[in-house]
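Here is a short report on helix packing and the nonpolar core. Look at the model first, then read on.

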Amino acid sequence: AMAAFTGLENFTAHKLRVVTKSFGSKSGLMESVVKTFRTAYLKEPQFTLAGLRVIRNMSLFGLYAKCFGRAGGMTILNDILKKFKIEPRIVCEALAIIRNSIVENYNVGRFINSQVLSLLPDVIATHPADPIIAEHGVSIVRNLVNDDAQWAEQVERMGMVDKCIEVLQAHSKSVPTVEAALGALANLADTGTNMQISLGQAPGLMQLTVELVH
């Protein structure tokens, strides 16, 4: 099965390179990718996974990430997470794309409007033993509230503060996941006194943090 995925990924990557030359612009390429997701990738898991892997690599570059957001990519990811919530590889790739795409406030408004934030707690909870999915999920929170306090209240209301604490408890042996969760909580604490009070009252958080840093 993995070999088939790899073949599809390579095929898709080749097709995207051809499409890039045809369109002559990153914006045109992303519009084509989003259109393809709407018409094909949502039908079969293997096509979805192949396409997401390509987009994940592209989303590391700010211009591609911006183009993806403008082309409606966040709405597509919302649809993918709803349809393939139990597929760990698909979830992992989708969350990684979101994580990359909201760095430096890229696509933050589009991310909020897509309603993906409301899905995050349930998506992470669906894969309780997967530290990579947890890492990507809490990293989205970390990037979302970095240097921007306006989303902290919404993050708390959607249950992601509690989820960050749960991730720390469940994946205390995974260094990248712990770093991401602590980073998310640190950024939340930096957003103001109300959040600091809320975090201070979170059951077991202070004790857990002390245990993790020793």
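Helix 6 is mostly covered, with 12 of its 14 residues buried (under 20% relative accessible area, 1.4 Å probe, protein chains only). Helices here are DSSP runs of H or I with at least four residues, numbered from the N terminus. The model is predicted: local features need pLDDT of at least 70, side-chain atom pairs count only at pLDDT 80 or more, and totals for chains, interfaces and linings use all residues. Residues are numbered from 1 along each chain as its sequence is written, and side-chain values use heavy atoms, leaving out hydrogens and water.

Helix 6 covers residues 88–101 and reaches 20 Å from its first C-alpha to its last. That is close to the 20 Å expected, taken as 1.5 Å times one less than the number of residues. Its buried residues include I90, L95, I98 and S101. They pack, by contact (heavy atoms within 4.5 Å), against these helices:

| Partner of helix 6 | Residues |
|---|---|
| Helix 3 | 45–58 |
| Helix 4 | 62–70 |
| Helix 5 | 73–83 |
| Helix 7 | 108–113 |
| Helix 8 | 116–126 |
| Helix 9 | 131–145 |

Helix 8 and helix 9 also pack together, at about 150 degrees between N-to-C directions, on a scale from 0 to 180 degrees. Their axes, lines fitted to C-alpha atoms over the stretch in contact, lie 9 Å apart. The two helices are therefore roughly antiparallel (over 145 degrees). L117, L120 and I124 of helix 8 meet A134, G137, V138, I140 and L144 of helix 9.

Leaving aside neighbours within four places in sequence, V155 contacts L117, V141, L144, V145, M160, V161 and L188.

Technical notes
Buried < 20%, exposed > 50% of the residue type's maximum accessible area, 1.4 Å probe, protein only. Parallel < 35°, antiparallel > 145°, perpendicular 65-115°, else oblique.
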